[in-house]
Structure formats: structure tokens, C-alpha cells
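Subject: Structure handover and findings

Hello,

Here is the structure I said I would pass on. My notes on the helices, salt bridges, aromatic pairs and surface follow below it.

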Amino acid sequence: MMSNYGFDKDDGFDADVIVVGSGSMESAAADRLSERGQKVLGFEQFHRGHDNGSYHGGSRIIRMSYFEHPDYVPLLRRAFELWDELEEDSQQRGWEQLVHYTGGLYAGLPVAPRLRDHESLRWSMGLTTNYFLPTTFALVFPTLR
């Protein structure tokens, strides 16, 4: 039986890993696996370049601070390294800048449990934090008064 893409199910393709989906995360996983010598087969239900995934559009966000668990921080540090590699590669090819680092802003009362938890996580992982009193905040971020 022939597929839509010209592969016969009896061609004997032998994959070490099968990746279901070919969105940004799945494609990145397939790329890293193939760089490590794995034979990777990917399946996607939509055509290439479709806009049905969460990855289409003009921008993405990645942040180092996640409230959920400190185990995310080492993974995110590695993700930032990989983004930097991708940016370096794109610059060498003469492409547009892909990555723009901007920082983040969390606002609230210092006693808010979510902000306290966030600060505890950032401190334990060696991440920097700036604090602003309301008057200083208004000077640094005048558009957010």
C-alpha cells in the first residue's frame, strides 16, 4: 500500500525513534535525536507549513522563571543554550535575528504567596531579581503607571 508521500509500507524503513507530530517541539526533538545518530521517522497529520499548531505566528516566549518546580530551571538553562546556538547558526547564514532577550516583569504585593514562592525559587537557583518600590517602579516603567 502506497502512502500519500510515496513510501511503501513494505519498504522496510527501520526507525530507532518515531516522533508523532512535526511541530516546533517535535521537529526539535527529531533533529536532536538524528544528531545523536538515531534514525528518526516523523508523522504529521497536516501538510507542511500548516497553521493548526501552537507554533505559528510572529513570536514565541521562553522564560527562565517557572513557578511550577525548580527542576525546570536546568532544563531552561539548556533550552537557552540551544536558542543561542540556533541564533548563532542563523547569523552565520545571514538570516534575520531570531532571538530577542527582553527580561520579565512580575508585579504584586511582596506578601503574595506566588511572588514569595517565585523569589524562593529564583534565589535557590542563582537567578537575579530586581525589586522596585512603587515610586521607583513608576520612574523605571512610566508607561505602566
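A residue is called buried under 20% relative accessible area, exposed over 50%, and partly exposed in between, with a 1.4 Å probe and protein chains only. By that scale Arg-32 is partly exposed, with a relative accessible area of 25%.

This is a predicted model, in which local features need pLDDT of at least 70, side-chain atom pairs count only at pLDDT 80 or more, and totals for chains, interfaces and linings use all residues. Residues are numbered from 1 along each chain as its sequence is written, and side-chain values use heavy atoms, with hydrogens and water left out.

Helices

Helices (H or I, at least four residues) and strands (E, at least two) are DSSP runs, numbered from the N terminus. The expected span of a helix is 1.5 Å times one less than its number of residues.

Helix α1 covers residues 24-35, which is 12 residues, and its first and last C-alpha atoms are 16 Å apart, close to the expected 16 Å. Just after α1, Gly-37 has a positive phi of about 90°.

Helix α2 has 21 residues, and its end C-alpha atoms lie 30 Å apart, in agreement with the 30 Å expected at 1.5 Å a residue. Its buried residues are Val-73, Leu-76, Phe-80, Glu-87 and Ser-90. Viewed down the axis of α2, these buried residues fall within an arc of 90°, so they line one face of the helix. The arc is taken from the directions from the helix axis to the C-beta atoms. On the face of α2 turned away from the buried side are the exposed residues Leu-75, Glu-88 and Gln-92.

Helix α3 (residues 113-124) has 12 residues and reaches 16 Å from first C-alpha to last, close to the 16 Å expected. Leu-115, His-118, Leu-121 and Arg-122 are its buried residues. Down the axis of α3 they fall within an arc of 125°, so they too line one face of the helix. The face of α3 turned away from its buried side carries the exposed residues Pro-113 and Trp-123.

As background, an α-helix has 3.6 residues a turn, so residues three or four places apart point the same way.

Salt bridges

A salt bridge here is a side-chain nitrogen of Lys or Arg within 4 Å of a carboxyl oxygen of Asp or Glu. By this rule the count is 6.

Lys-39 and Asp-14 make one of them, at 3.8 Å from N to O. That pair links distant parts of the chain, with Lys-39 in the loop between α1 and β2 and Asp-14 in the segment before β1 (17-20), 25 residues apart. Lys-39 is partly exposed at 40% relative accessible area, and Asp-14 is partly exposed at 48%.

Arg-32 forms a salt bridge with Glu-85, with the closest N and O atoms 3.5 Å apart. This pair also links distant parts of the chain: Arg-32 is in helix α1 and Glu-85 in helix α2, 53 residues apart. Glu-85 counts as partly exposed at 40% relative accessibility. Both residues belong to a network of salt bridges that links Arg-32, Glu-35, Arg-78, Glu-81 and Glu-85.

Arg-93 and Asp-89 meet in a salt bridge at 2.9 Å, N to O. Arg-93 is exposed at 53% relative accessibility, whereas Asp-89 is partly exposed at 29%.

Aromatic pairs

Rings of Phe, Tyr and Trp (its six-membered ring) pair if their centres lie within 6.5 Å; planes under 30 degrees apart count as stacked, over 60 as edge-to-face and the rest as tilted. A search of the whole structure finds 4 aromatic pairs. One of them joins Phe-132 and Phe-137 edge-to-face, 6.4 Å centre to centre with 70° between the planes. Phe-132 and Phe-141 are also an edge-to-face pair, at 5.6 Å and 85°. Ring pairs thus link Phe-132, Phe-137 and Phe-141 into a cluster. Within this cluster Phe-137 is buried at 19% relative accessible area, while Phe-132 is partly exposed at 33% and Phe-141 partly exposed at 25%.

Regards
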